[in-house]
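Biologist: I would like to learn how to read a model of two chains, feature by feature. Could you take me through this one?

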Amino acid sequence: MKARPIRRWLHDLAFGLSVIALVSPAALVFLWMLSLALKTEIDNVAFPPVFIPNPPTLDNFRAVFERNDFLNQTLNSVIVSFSATGIALLVGVPAGYGIAKMRAHKAAVLILIARITPGLSYLIPLFLLFQWIGLTGTIWPIVITHLVLTVPIAVWVMIGFFEGLPAELEEAALVDGATIWQAFRHVALPLARPGITVATILAFIFSWNNFIFAMVLAGRETRTLPVAVNNMLTFEQISWGPLSAAALLVTLPVVVLTLVAQKQIVAGLTQGGVKGG
Amino acid sequence: MPEGVTSAQAAALSGAAADKARRKRAYARHYWPFVVPAAVVVVAVIVFPWAFTLWMSLQEWQLGSGRSFVGLANYERLLTDARFHDSIWRTLYFTALAVIIPVVLGIAAAMAFNRKFPLRGLARTIFILPMMATPVAVALVWTMMFHPQLGVLNWILSQFGIPPSMWVYDQSTVIPTLVLVEVWHWTPLVMLLVLGGLASLPVDPYEAAKIDGATSWQAFRYITLPLLAPFIMVAVIIRTIDALKAFDTIYVITQGGPGTASETINIFLYLNAFAYYNMGYASAVVVVFFTLIIGLALLLLWSRERFKDNVR
């Protein structure tokens with residue numbers, strides 16, 4: 001009678017420890033990033049390492065904002081991500097609706113192949129194209145290439161969403177004499193708001209996190225944040241504090257977004273993933 | 001558009017008596033205007049680059065100097081380019097590790113997160129954070145952690161009495177080290193896919209197994225795993241494609257080095273295009289690389305179908 005609770009207790013303990021083992025790599029890397037960002041340069045290169053910043057300093061963040069044209073690069077990232085997401089929704093939501101209504105699964109396959117193709121393979125022809133039309137050095141090539149990421153994900157999420165909506169309401173509207181545009185605008189679109197939220201969040205994160213397109217296409221004035229932060233490593237090998245502070249600031253918006261909108265992100269990714277197979 | 005609308009209305013009015021399925025099909029045609037804007041974008045930024053790449057791969061094209069048609073010469077050069085062949089093997093080695101390890105860990109994590117326990121929501125949120133974080137930002141943190149003298153990882157090793165590793169600074173350890181970052185980054189996605197599968201499993205087989213006295217390992221091995229197989233296959237396919245395409249973390253952490261020890265196909269492609277400006281040759285690499293990715297994806301899909309048949 002007595003052995004049972006103990007066994008159970010041991011079992012729970014083992015389970016708890018394995019959960020901690022699963023979660024801690026994720027937690028520790030982010031905590032270490034925070035620690036590096038809040039410590040002085042002396043503490044950052046100390047060995048054995050200093051773990052808890054004592055006292056924490058904001059000097060690294062100050063250095064980032066002072067030296068690196070950081071605000072301008074933030075603005076670039078915001079412009080690029082917002083434009084690429086906005087355009088993707090503008091063309092992707094109706095497209096998802098049309099494809100779902102027409103049951104055009106071949107179009108969906110095209111979207112899938114676009115997702116499979118490595119980003120670099122779009123970059124070579126588009127790089128040459130932008131040179132010819134003289135767009136190099138402006139922000140537009142970066143926005144346009146980011147459409148390669150945002151349009152397929154928006155269309156993909158919206159197809160799945162519109163296919164799941166009951167058709168009766170729109171059919172009723174059509175029978176009552178609404179045009180298909182009106183049925184879309186006033187019946188389907190309001191119902192699709194949760195789907196649009198998912199598409200927006202995923203498109204924004206994909207664009208914000210993207211590195212390679214801006215790295216190749218951006219000039220000095222049009223660098224986005226991931227490119228700018230990577231350049232800090234190249235030029236300031238051992239300046240770990242400001243580097244971590246910058247890295248933290250770059251990833252902060254998506255981390256916050258993940259915390260706030262976890263449900264939508266998980267739904268979008270698993271739908272995209274499961275249907276992606 | 002007006003024309004489509006009026007005929008749609010006409011169809012709607014006369015359709016009351018008509019066969020419903022036929023009416024639906026007649027409707028379907030009128031939805032093409034919705035797709036036009038997206039189609040324009042997709043053709044401009046996706047289909048055009050594909051076609052242009054194919055054409056470019058037949059050219060000798062050094063940026064800055066001229067361009068000339070060379071037929072299949074770029075492909076012939078790829079056949080004999082040892083550096084390219086090495087990059088293929090390296091990519092496959094990296095991919096094999098970066099698929100198997102996250103899938104095994106992801107299944108284990110999904111089994112854990114499928115149970116109820118205190119703070120589960122918080123634990124799951126932290127667990128999926130790596131997947132959403134900006135790859136460049138976390139790659140930089142890993143770079144600092146890998147520092148042979150000052151990095152925190154070697155300090156951790158020393159606490160367990162393990163001699164320090166050179167991590168990404170040695171040819172023999174660089175690929176496994178990059179796989180470590182990839183595993184950290186993408187195990188959460190596998191976990192989510194498998195967790196979705198677990199949520200859809202029926203309860204009856206487990207009750208039957210319990211009555212028959214099966215251990216929990218037997219239930220996992222003979223009930224859960226076979227039922228999860230389709231979801232695991234999806235995770236394997238997605239991981240394979242993503243691992244083949246891995247670029248950001250490899251480029252930021254090693255740029256293909258030391259020497260060429262972590263130069264995967266993607267890095268080789270990048271260097272040819274944007275360091276040596278060899279656009280024709282790089283385009284041929286794109287075509288071969290793309291074929292490889294599609295080929296592996298189709299192979300996995302095909303094995304999934306076969307697997308399904310075998311289970312039935």
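Biologist: How much of chain B counts as buried?

Modeller: Burial is judged by counting neighbours, and a residue is buried if 20 or more other C-beta atoms lie within 10 Å of its own. In this predicted model, 40% of the 312 residues of chain B count as buried. For chain A the share is 47% of 277 residues.

Biologist: Which helix of chain B is hardly covered?

Modeller: That is helix H10 (residues 204–211) of chain B, where the count of buried residues among 8 is 0. Just after H10(B) comes Gly213(B), with a positive phi of about 80°.

Biologist: Which residues have a positive phi without being glycine?

Modeller: Two cases are Leu119(B), with phi near 65°, and Trp167(B), with phi near 50°. Leu119(B) sits in the loop between H5 and helix H6 (120–132) of chain B. Trp167(B) belongs to the loop between helix H8 (152–159) and helix H9 (174–199) of chain B.

Biologist: Are Leu119(B) and Trp167(B) buried or exposed?

Modeller: Leu119(B) counts as exposed because it has 11 C-beta neighbours inside 10 Å. Trp167(B) counts as buried because it has 23 C-beta neighbours inside 10 Å.

Biologist: And why does Ile42(A) count as exposed?

Modeller: The reason is its 9 C-beta neighbours inside 10 Å. Ile42(A) is part of helix H2 (residues 41–44) of chain A. From Ile42(A) to Phe211(A) the C-alpha to C-alpha distance is 31 Å, with their positions 169 residues apart in sequence.

Biologist: Let us turn to the core. Which residues touch the most other members of the largest nonpolar core?

Modeller: A core of this kind is a set of buried nonpolar residues joined through C-beta atoms within 7 Å. The largest one has 170 residues, and Leu140(B) and Val194(B) touch the most other members. Helix H7 (residues 140–164) of chain A gives the most to this core, with 16 residues.

Biologist: What is Val194(B) in contact with, leaving aside its neighbours within four places in sequence?

Modeller: Its partners include Gly106(B), Ile107(B) and Ala110(B). Also among them are Leu228(B), Phe231(B), Ile232(B) and Ala235(B). There is a general idea that helps in reading such lists: an α-helix has 3.6 residues a turn, so residues three or four places apart point the same way.

Biologist: How many residues does each chain put into the contact between them?

Modeller: The size of an interface is often given as the accessible area lost when the parts come together. Here I can give residue counts: 73 from chain B and 77 from chain A. On the side of chain B that touches chain A, helix H3 (residues 32–56) of chain B supplies the largest share, 13 residues. That side divides into 62 nonpolar, 9 polar and 2 charged residues.

Biologist: What is the make-up of each chain in helices and strands?

Modeller: Chain B has 14 helices and 2 strands, while chain A has 14 helices and 0 strands. In chain B, residues 24 or more positions apart account for 69% of the contacts with a separation of 6 or more. The corresponding figure for chain A is 78%.

Biologist: What is the radius of gyration of chain A?

Modeller: It is 24 Å, whereas a compact globule of 277 residues would be near 19 Å. The C-alpha trace of chain A spans about 80 × 75 × 30 Å along its principal axes.

Biologist: Where are cis peptide bonds found?

Modeller: One runs from Asn54(A) to Pro55(A), with omega near -10°. Pro55(A) is in the loop between H2 and helix H3 (59–67) of chain A. Another joins Gly257(B) and Pro258(B), with omega about -5°. Pro258(B) is in the loop between helix H12 (248–253) and helix H13 (265–274) of chain B.

Biologist: What confidence does the model carry?

Modeller: Mean pLDDT is 86 for chain B, with 89% of its residues at 70 or more. For chain A the mean is 87, and 94% of residues reach 70 or more. Among the elements of chain B, helix H1 (residues 2–14) has the lowest mean pLDDT, 47, and helix H5 (residues 82–113) the highest, 95. Over residues 1–6 of chain B the pLDDT is below 50. The model as a whole scores ipTM 0.88 and pTM 0.88.

Definitions and conventions:
Residues numbered from 1 in each chain as written. Chains lettered and ligands numbered in written order. Predicted model: local features only at pLDDT ≥ 70, side-chain atom pairs only at ≥ 80, totals over all residues. pLDDT = per-residue confidence, 0-100. Helix = DSSP H or I, 4+ residues; strand = E, 2+ residues; numbered from the N terminus. Contact = placed C-beta atoms within 7 Å. Nonpolar A, V, L, I, M, F, W, Y, C, P; charged D, E, K, R; others polar. Buried ≥ 20, exposed ≤ 12 C-beta atoms within 10 Å, placed from the backbone. Rg over C-alpha atoms; globule rule 2.2 N^0.38 Å.
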